[in-house]
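Thanks for asking me to look this over with you. Have the viewer open as you read, and take the points one at a time.

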Amino acid sequence: MCVMSSGVEPSDPPSLCPVCSAKSARFEVGQTELFVCGACTHVFRGPGTQGDNKLFESEEYVAWRAGSIEQTRIADRRISLLDEFDLPRGRSLEIGCATGEAVGALLSRGWDAYGIDVSEYAVRAGKRLIGEDRLAVGLSPGIADHKFDLLLAFHVLEHVPDIRDFGGMLRRRSLPNSYLYVRVPNWNSWSRKVSGRYWPSLMPEHLHHFTEVSIWTWLHSIGYTPVWVGTEGRGREWLGALRRCIARDKSVGSTSEIAATTRRLEVIDKVERWGRPWFHLEERVNRGSELVAIAQRDPH
Ligand SMILES: [Zn+2]
């Protein structure tokens, strides 16, 4: 890991890894203090750090994403991954369902799908989209009575203060031999290494940064066996970041400046077009921007 060569030092007193309890070492990325586990390579914020997730619960955020074609398309692509594993259809629960697009995608594939979220704005908007009884704020009595054949949590784990406690909650809500499908930002992604301190996932709300090894370790620790762990990304995220960087503050300026910016953006377009095989390589060597895991619960 590149962090090993950039100021990693043993923490004093030692911070224990929230995934495997091994000792960790402290390091910094820009102004952000982080710890890396010496055993499972999990990266995390220091003890006592509390993320502020108000943005994701706000009315503005919900208004931005509710019913958007892009969100529906993303949800459908994420759920279509399950088709490859041919899971027996049953009852599913998405934790952190926001406005319910993935719940809708599961319903259309024959699942008895439900979703919960902390944001009442999101749940209210989602109910209008997919149905009154499918979504709830937190574990309402109707949903809490059930145990599920499939649990899903997309971009939730990195926000959870106590990741083991969260794992215990998942077990209590799941049936023996049921499945768990999670997605998190990938600490070992090329996009993170390219963007350094500007990596969007360094936001203070993200308390955990998973690696392939740490997600395996966490899944085993809560009684799940990984069925598939991989990454997705294909370079789109870091090319997008590069585009925003090039185009920033360049909407006004001299004719020659605007022409230069346009030329640079055209180069990025060419990189995207010709670089497709390399972006597939990013996934093949598990360096995509999103870490994806599907796991099966033990039968006990
Ligand atoms: Zn660890």
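1. Is H155 buried, exposed or partly exposed? This is a predicted model, and in it H155 is partly exposed, with a relative accessible area of 27%. That label follows because partly exposed covers values between 20% and 50%. You will find H155 in the loop between strand 8 (148–154) and helix 7 (163–173).

2. Now look at the backbone. Most residues other than glycine have a negative phi. H155, however, has a positive phi, near 55 degrees.

3. N286 also has a positive phi, near 60 degrees, and is likewise not a glycine. N286 sits in the loop between helix 12 (276–284) and strand 12 (290–297). With a relative accessible area of 15%, N286 is buried, because buried means under 20%.

4. Next, please turn to the metal. Four sulfur atoms, the SG atoms of C17, C20, C37 and C40, coordinate the zinc ion at 2.3 to 2.4 Å. Along the chain, these donors follow the spacing C-x2-C-x16-C-x2-C. Two of them, C20 and C37, are 17 residues apart and link distant parts of the chain: C20 is in the loop between strand 1 (9–10) and strand 2 (24–29), while C37 is in strand 3 (residues 32–37).

5. Why is the zinc arrangement called tetrahedral? The 4 donor atoms subtend angles of 98 to 120 degrees around the ion, and four donors count as tetrahedral if all angles lie between 85 and 135 degrees.

6. Finally, compare the surroundings of two zinc donors. C20 is partly exposed, at 26% relative accessibility, whereas C37 is buried, at 2%.

How values were computed:
Residues are numbered from 1 along each chain as its sequence is written. This is a predicted model: local features need pLDDT of at least 70, side-chain atom pairs count only at pLDDT 80 or more; totals for chains, interfaces and linings use all residues. Side-chain values use heavy atoms; hydrogens and water are left out. Helices (H or I, at least four residues) and strands (E, at least two) are DSSP runs, numbered from the N terminus. Buried means under 20% relative accessible area, exposed over 50%, partly exposed in between (1.4 Å probe, protein chains only). Donors are N, O and S atoms within 2.8 Å of the metal (3.2 Å for Na, K and Ca); water is not among the atoms, so sites may look incomplete. Four donors count as tetrahedral if all angles lie between 85 and 135 degrees; four count as square planar and six as octahedral if opposite donors are over 155 degrees apart and all others between 65 and 115; anything else is irregular.
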